Amino acid sequence: MSNERTISAAPVPFADALGVLRAAAEETRLRILALLADGELSVSDLTDILGQSQPRISRHLKLLVEAGLIERHREGAWAFFRLCEGAAGLVDPLIAGLDRGVPPLSEDQARREAVRAQRAEAAQSFFARLAPKWDQLRSLHVPEATVEAAVLEVLGPRPIQSLIDLGTGTGRMLALLAPRAGRATGLDSSHAMLSVARANLERLGLSRVDLRQGDIHAPPFGRGSFDLVVVHQVLHYLDDPTRALREAARLVAPGGRLLVVDFAPHDLEFLRESQAHRRLGFAPEQVSAWLAEAGLGSVETRDLAPTAQAEHQLTVTLWLAEESREGVDDLAEERAVA
């Protein structure tokens, strides 16, 4: 996914344009806008980068939010800020005209890179603590590269306008698919995992991916918001996978698709204790039935059997479902009534 934002061609009312320019016409606020053009940042990030107090930074952020230039979202006790897509028509040309190779913007960028480096170091430390468990699980099933190749194959070359990865974890599916998407979002309940995902995606130059903290059983998005919804290696952790799939299906736009990746049935009970698995895999017909009940149809399944001859091996299954005709009609009727 490109980090370039699409500039709206819609004309901006004079009063709105005046409000935007007034909000941006201050040194710190303009520096904040230039920083957020490269991806979201927290209040703590901005205080470190700009060398100003938290109350002062918060005051500038409040003014920018009120002007409709940036938006705020919470992630546990943290708050992150990003540029508003609706303001792109005025903000992007302004930022594009700035010379970021000279102070203070060049110095801001250098300090931002230092913040990113700290995130990457924290992510590495996080995985160092979890590495034994992760390595054990990886050794039980087909290589991740094989799974990712199968994901790309089943999805095919069809364009992706809007993508959401539910239970994104470390952001691996976002790293794989976000470069092909017009916009990409990751949702996870764990702040620690989102911190790791943020560092991983920034390292790949995908800093404009929208990462949100939230519950997969109640994702904070409207019906039909995404034309590709991904649930990758999440269901086996859940007490209520059927509810999660119903919510995932609700997010699928008319004609959109839902991709589920998880384990086939197995008897490795030790994964309940060592990896916090709630379910020991899912039969293809079981998930297909859940998807059909959720209003999706045309379910395609694919099994990826392990090739190594080991004592314990897990088969990975992919399910790809499309929004059914009934779902399309229901959503169109719902929007017409609204």
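Which residues line the largest cavity? The tour comes back to this after an overview and a walk along one helix.

**Whole model**

Load the full chain, which is a predicted model. The protein contains 13 helices and 10 strands. Of its 338 residues, 49% are buried. Among contacts with a separation of 6 or more, 71% are between residues 24 or more positions apart.

**Helix H9**

Select residues 191-203, which form helix H9. Put a distance label between the C-alpha atoms at its two ends: they are 18 Å apart. That agrees with expectation, because 13 residues at 1.5 Å a residue should span 18 Å.

Now select Ser190, which caps the N-terminal end of H9. A side-chain oxygen of Ser190 lies 3.3 Å from the backbone nitrogen of Ala192. Past the other end, just after H9, select Gly205, where phi is positive at about 80°.

Next, colour H9 by accessibility. The buried residues are Met193, Leu194, Val196, Ala197, Arg198, Ala199, Asn200, Leu201 and Glu202. Arg198 and Glu202 are thus on the buried list, and both reappear at the next stop.

**Largest cavity**

The structure holds two cavities of 30 Å³ or more. The largest encloses about 60 Å³ of space. To answer the opening question, select Glu40, Ala197, Arg198, Leu201, Glu202, Leu206, Ser207, Val209 and Leu211, which line this cavity. H9 gives the most to the lining, with four residues. By class, five of the lining residues are nonpolar, one is polar and three are charged.

On the spacing of the helix residues, a general point applies: an α-helix has 3.6 residues a turn, so residues three or four places apart point the same way.

**Second largest cavity**

Move to the second largest cavity, with about 40 Å³ of space. Select Arg31, Ala34, Leu35, Asp38, Arg100, Leu105, Asp108 and Gln109 to show its lining. Helix H2 (27-36) and H6 each supply at least two of the lining residues. The class count here is three nonpolar, one polar and four charged.

**Cis peptide at Pro104**

Select Pro103 and Pro104. The peptide bond from Pro103 to Pro104 is cis, with omega near 0°. Pro104 sits in the loop between helix H5 (88-96) and helix H6 (105-138). Leu105, Asp108 and Gln109, among the residues that line the second largest cavity, can be kept on display for this stop.

**Two positive phi angles**

The remaining stops concern backbone angles. Most residues other than glycine have a negative phi, and most peptide bonds are trans.

Select Gln233, which is not a glycine but has a positive phi of about 50°. Gln233 is in the loop between strand E7 (226-232) and helix H10 (241-250). Is Gln233 buried or exposed? Its relative accessibility is 16%, so Gln233 counts as buried, the cut-off being under 20%.

Finally, select Ser298, another residue that is not a glycine, with a positive phi of about 55°. Ser298 lies within strand E9 (residues 296-304). Is Ser298 buried or exposed? Its relative accessible area is 64%, so Ser298 is exposed, the cut-off being over 50%.

Technical notes:
Residues are numbered from 1 along each chain as its sequence is written. This is a predicted model: local features need pLDDT of at least 70, side-chain atom pairs count only at pLDDT 80 or more; totals for chains, interfaces and linings use all residues. Side-chain values use heavy atoms; hydrogens and water are left out. The expected span of a helix is 1.5 Å times one less than its number of residues. Buried means under 20% relative accessible area, exposed over 50%, partly exposed in between (1.4 Å probe, protein chains only). A polar contact is a pair of N or O atoms within 3.5 Å; within protein, one must be able to donate a hydrogen and the other to accept it, and residues adjacent in sequence count only if both atoms are side-chain atoms. On a 1 Å grid over the protein atoms alone, a cavity is a set of points where a 1.4 Å probe fits but cannot get out, and a pocket is an open set with protein on both sides within 12 Å along at least five of seven lines; lining residues have an atom within 4 Å of a point. Grid points are joined across faces, edges and corners, and a volume is the space filled by probe spheres set on the points. Ala, Val, Leu, Ile, Met, Phe, Trp, Tyr, Cys and Pro count as nonpolar, Asp, Glu, Lys and Arg as charged, and the others, Gly among them, as polar. Contact means heavy atoms within 4.5 Å.
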